Amino acid sequence: MKRIVLFVLVIVMALPLVAQINFREGGFIKALTAAKAENKLVFMDCYTSWCGPCKLMASKEFVQEKAGNYFNPRFVSVKIDMEKGEGVEIRKKYDVNAYPTLLVLNAAGELLCRHAGYLSVDELIDFAENGVKGDGLTDMNKRYAAGERSLEFIRDYLSLLDDAAMSGTVRTVADDFLKDKTDAVFTDTNVYRMFCTYVTPDYVVFRPVYARKAELVKRYGEKAGLHLEKVWEAGTRKFLKREAKKIAGYDAAGLEAYYALMKKCGVPEADGIRAAALVDGTIGTKEWASLLEALVTYSHFSRMIEDQVYYACSSLFYGQGKEGWNNIGDRKKFAALLQERVKVLKGRKDTSGRTMTVGDKTMPIMEYYCQSYEEMLEKVK
């Protein structure tokens, strides 16, 4: 009788492992070893502790019976936190930049397919089947390694890499393809579209094209010139330091070197671009004096965003507390900035359609910003 009870208990305890994906303990190397011994592939869930979609997939999709029935016979499954332990190096090795990222690998650790983002259980199974069959990214990787470089192939390859959130690989492939195609940017609209989609200031092709900005505008219109300026602006993002999704600071030396490069290349709004990055970075570090200086410059930047000015002014006003305005010069400078924003907003019609409700009153968002600026102004005059 005891043997029967024990047998039943063993069966009951084993049921959850059959009914869901069985994620094994022991880490990445142990998973590869097990995959080789069992003649299976490796399924890796790359997650972080703060990732909401990661938690939802774990609680809703991975636990479904059909998921377990598909994955357990075919894969050694493992979950790795990309911000802890071995996950830090794995993140670099497989160019993981979004969460969740799902990887299918062979027993040698070679990437067969990947996906970034949430998948339903049926989508998850379809994705994994690509790895089993060697379709999709696996085939494209082989063709690229074999030297295929046609425009059509590179375009499709970059699209797949983008979908997989392999930003590092995207940069390498696109930069390599475009590096000797400066003239083609001006003559081939397909090459120009690829340039616009992927180029950053770090690409070999970018500065030679920027030096011919007038020619590009003549060929493609004013929007082409504006796009080049926005590329410079987007290039500052790499100097912002993030913890999870929050900006926690900035690389001051890197940003100043980038600013010097913009000045050397004749970027007309280099000061505004630098200030935009400093606003974000100094909020993160709570460098209030530097934030104020950056805000003054940013408020006159042609691509200034009022939402960002409001957030920065609020951070500056409330972040340093009541004792933060003892410096008379800073008080006057901040008051002048607030007065300027009030004047601008009172003369502007809000067409955004966005509203803010305070108490029982609902007002257009810019009216709310204006009211908030006025309240801050009264306290710093």
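Between which two elements does the loop that holds P100 lie? In this predicted model, in which local features require a pLDDT of at least 70, side-chain atom pairs count only at pLDDT 80 or more, and totals for chains, interfaces and linings use all residues, P100 is placed in the loop between α5 (87-93) and β3. Residues are numbered from 1 along each chain as its sequence is written, and side-chain values use heavy atoms, with hydrogens and water left out. Helices (H or I, at least four residues) and strands (E, at least two) are DSSP runs, numbered from the N terminus. The peptide bond leading from Y99 to P100 is cis, with omega near -5 degrees.

Strand β3 belongs to an open sheet of four strands in the order β2-β1-β3-β4, with mixed pairing, where two strands are taken to pair if DSSP finds at least two bridges between them. The edges are occupied by β2 (75-81) and β4 (111-116), each of which has a single partner strand, so one side of each is left without a neighbour in the sheet. On average, and with direction ignored, neighbouring strands of this sheet are turned by 15 degrees against each other, the axes being lines fitted to C-alpha atoms, for helices over the stretch in contact, with angles that run from 0 to 180 degrees between N-to-C directions. Strand β3 (residues 101-105) and β4 run antiparallel and are joined by five bridges, and T101 has A116 in β4 as its bridge partner.

D81, which lies in strand β2, is buried yet has no salt bridge, the nearest side chain of opposite charge being that of K84, 4.0 Å away. Here buried means under 20% relative accessible area, exposed over 50%, and partly exposed in between (1.4 Å probe, protein chains only). A salt bridge requires a side-chain nitrogen of Lys or Arg within 4 Å of a carboxyl oxygen of Asp or Glu; for charge, Lys and Arg count as positive and Asp and Glu as negative, whereas His and the chain ends are not counted. A polar atom of the D81 side chain does, however, lie 2.9 Å from the backbone nitrogen of E83.

A second antiparallel pairing is made by strand β7 (residues 355-358) and strand β8 (residues 361-364), which are joined by four bridges, with M363 in β8 as the bridge partner of M356. These two strands form a hairpin with two residues between them, and G359 in the turn has a positive phi of about 65 degrees. Most residues other than glycine have a negative phi. N39 nevertheless has a positive phi of about 55 degrees although it is not a glycine; N39 is situated in the loop between α2 (28-38) and β1 (41-47) and is exposed, at 74% relative accessibility. K286, likewise not a glycine, has a positive phi of about 60 degrees, and this residue, in the loop between α16 (270-285) and α17 (288-298), is exposed with a relative accessible area of 60%.

The structure holds one disulfide, defined as a pair of cysteine sulfur atoms within 2.5 Å, and this bond joins C51 to C54 with an S to S distance of 2.3 Å. The torsion about the S-S bond of C51 and C54 is about 85 degrees, so the disulfide is right-handed. Both cysteines are buried, C51 with a relative accessible area of 3% and C54 with one of 5%. The sulfur of C265, by contrast, is 18 Å from the closest cysteine sulfur, in C196, too far for a bond, and C265 is partly exposed, with a relative accessible area of 26%.

How values were computed
A polar contact is a pair of N or O atoms within 3.5 Å; within protein, one must be able to donate a hydrogen and the other to accept it, and residues adjacent in sequence count only if both atoms are side-chain atoms.
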